[in-house]
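Subject: The structure I promised you

Hi,

Here is the structure we talked about, for you to open and turn around on your screen. Have a look first, then read on for what I found.

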Amino acid sequence: MALRPYQRDAVEWLTKRDAGYLADDPGLGKTRSILTAVEGSEILVVLPAALRDIRVWETEAELIKWDGKIRTVSYHGLTRLMEGTVAGDFPVVIFDEAHRLKDRKVGWGVAATKAAKLADRVYLASGTPAPNIATELWAQLRLIDPDGIPKSYWKWVREWFDVVSDAYSEFTIPGTLRACNPTCGRADDCEHWAEFRAATFTNRMLRRVRDDVLTDLPPLTGADEPLLIPMTVEQGHAYATMKKEFLAEFDAGLVVEALNHSAQFHRLMQLSTGVSSLTGRPEDDKHSAKLRVLEEVLPGRSHPTVVGVFYRETAAAVGRLCERLGLRYGMVGGSTSAKQRKEAVAAFQAGELDVLIGSVAVIGEGMTLTRADEMILLERPWSPGQMDQLTRRLHRMGQQRPVTIRQYVTPKSADLKNQWTNSLMKKADHLSRVITRSDLEQLI
């Protein structure tokens with residue numbers, strides 16, 4: 001397949017500089033663009049373990065008959081690899097899904113800095129460079145321009161942003177852009193944000209929006225339209241009991257952590273899906289309204305389907321459902337081995353599976369699942385950025401059919417409130433909070 005015009009522009013942009021950030025929207029073919037730009041080189045690609053397991057970069061290189069040498073390492077494995085490494089070992093270093101480096105205190109950040117200093121050329125790639133807030137770009141941009149981006153994170157923050165007290169903790173955090181005010185309107189139309197982008201991104205980042213450059217994709221529906229699936233009677237009773245116990249424990253003075261780290265809150269989320277999603281017992285599968293609807297939908301599908309889940313027990317329940325229905329299925333998640341992930345994705349793309357059951361945390365980055373034209377989310381990711389990444393696994397180059405995203409959401413539960421909590425939790429990677437009982441009751 002020939003490069004599209006915007007990909008050729010990316011290749012030209014990359015080849016003119018020794019360091020840069022290709023931040024095109026998900027699904028625009030960043031891997032192929034970068035490989036073409038470094039044709040004939042010896043490269044080190046740092047990427048999430050799940051993508052390393054299924055050989056994303058090697059597969060693309062084989063597909064385009066790329067001339068060069070690739071070595072891949074996970075972000076977790078980068079520290080060990082960098083021990084004893086010297087200049088010249090890896091002339092070109094590429095950080096894929098580079099938003100993994102957004103936290104300036106992340107453990108592999110030191111190794112990433114060393115790799116970038118030793119390399120002749122450094123490129124970053126991510127469709128969501130700042131998943132939550134603009135200040136997440138600091139650590140990433142420092143890798144490609146350590147002289148142009150201040151060494152001090154807080155010096156850079158204070159240059160552009162107000163620093164405010166967090167409403168839920170004792171921390172101070174980056175606030176809104178300093179020059180902005182409520183009369184500025186939308187951030188992407190504001191002259192102050194334009195000034196920030198010009199000073200921060202110019203000559204460092206190339207980003208194109210999918211709707212601007214990829215106009216021939218088939219339609220996408222359902223991404224913003226949750227389908228409400230009320231609980232079964234037994235499921236509702238179990239949820240009400242657990243909710244009462246949870247609030248009683250809160251009144252007793254137990255410390256409640258940030259919502260996305262609360263074991264009790266996760267148990268409520270699991271019950272929102274079904275009783276077996278919490279207990280793991282096959283006999284409890286019948287007490288799940290979502291599984292009942294899925295049982296009606298899957299047999300009528302004429303094309304392969306991706307089913308997204310958050311919890312391991314839910315994945316197991318969907319697997320049992322596929323077995324009862326006589327459907328061929330594979331699994332991709334945190335508990336599957338590298339070999340199993342590779343085989344499952346390959347079999348799915350080859351049309352050998354009817355259903356791919358995937359963890360939303362794993363399949364949301366870098367995978368191509370265009371064999372499917374429908375994704376059913378029994379459980380959703382925690383941020384809009386992750387949701388967009390999931391959608392682009394199907395709705396991307398190579399997709400020939402209209403794509404439908406179905407989000408099964410349980411009303412009167414923590415599941416329905418999940419969408420609302422995005423705004424509350426978007427800084428949860430950095431901060432720990434304690435919330436009030438009234439806040440908690442609204443969420444569960």
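Which residues form one aromatic cluster? They are Trp-156, Trp-160, Phe-161, Phe-196 and Phe-201. Before you go hunting for them, keep in mind that this is a predicted model.

The aromatic rings are a nice place to start. There are nine aromatic pairs by the rule used here. One of them is Trp-156 with Phe-196, a tilted pair whose centres are 6.1 Å apart and whose planes make an angle of 50°. In case you wonder about those two numbers, a pair of aromatic rings is described by the distance of the centres and the angle of the planes. This pair ties together distant parts of the chain: Trp-156 belongs to helix H8 (residues 153-160) and Phe-196 to helix H9 (residues 191-201), 40 residues apart. Trp-156 and Phe-196 are both buried.

Next, the sheet. Six strands make an open sheet with parallel pairing, and their order is S3-S2-S4-S5-S1-S8. Strand S3 (69-74) and S8 sit at the edges with a single partner strand each, so one side of each has no neighbour in the sheet. If you want to look at one pairing in detail, try strand S1 (residues 19-22) and strand S5 (residues 121-125), which pair in the parallel sense over four bridges. Leu-22, for instance, has Ala-125 in S5 as its bridge partner.

Now bring in a helix. H2 lies across S1, strand S2 (42-47), S3, S4 and S5, and it runs at about 160° to S1. Helix H2 (residues 30-37) also packs with helix H4 (residues 56-63): their axes come within 10 Å and cross at roughly 65°. The crossing of H2 past H4 is right-handed. On the H2 side you will find Thr-31, Arg-32, Ile-34 and Leu-35, which meet Trp-57, Glu-60, Ala-61 and Leu-63 of H4. Sorted by class, that contact has five nonpolar, one polar and two charged residues.

There is another helix pair to look at further along. Helix H14 (residues 289-297) and helix H15 (residues 312-325) pack at about 35°, with their axes 11 Å apart, and H14 passes H15 in a right-handed crossing. Leu-291, Leu-294 and Glu-295 of H14 make the contact with Ala-317, Val-318, Leu-321 and Leu-325 of H15. Here the split is six nonpolar, no polar and one charged.

A few loop residues are worth a click too. Most residues other than glycine have a negative phi. Glu-97 has a positive one, near 50°, and you will find Glu-97 in the loop between strand S4 (92-96) and helix H6 (109-118). Asn-203 also has a positive phi, about 65°, and sits in the loop between H9 and strand S8 (205-206).

Are these two buried or exposed? Glu-97 counts as buried because its relative accessibility is 6%, while Asn-203, at 55%, counts as exposed.

Last stop: His-287, in the loop between helix H13 (275-279) and H14. His-287 has 16% relative accessibility, so it counts as buried. Leaving out residues up to four places away in sequence, His-287 touches Thr-232, Glu-234, Gln-235, Gly-274 and Val-275.

Have fun with it!

Note on methods: Residues numbered from 1 in each chain as written. Predicted model: local features only at pLDDT ≥ 70, side-chain atom pairs only at ≥ 80, totals over all residues. Heavy atoms only, no water. Axes fitted to C-alpha atoms, helices over the stretch in contact; angles between N-to-C directions. Helix = DSSP H or I, 4+ residues; strand = E, 2+ residues; numbered from the N terminus. Left-handed = near helix turned anticlockwise from the far one by under 90°. Contact = heavy atoms within 4.5 Å. Nonpolar A, V, L, I, M, F, W, Y, C, P; charged D, E, K, R; others polar. Phe/Tyr/Trp six-rings, centres within 6.5 Å; stacked < 30°, edge-to-face > 60°. Buried < 20%, exposed > 50% of the residue type's maximum accessible area, 1.4 Å probe, protein only. Pairing = 2+ DSSP bridges.
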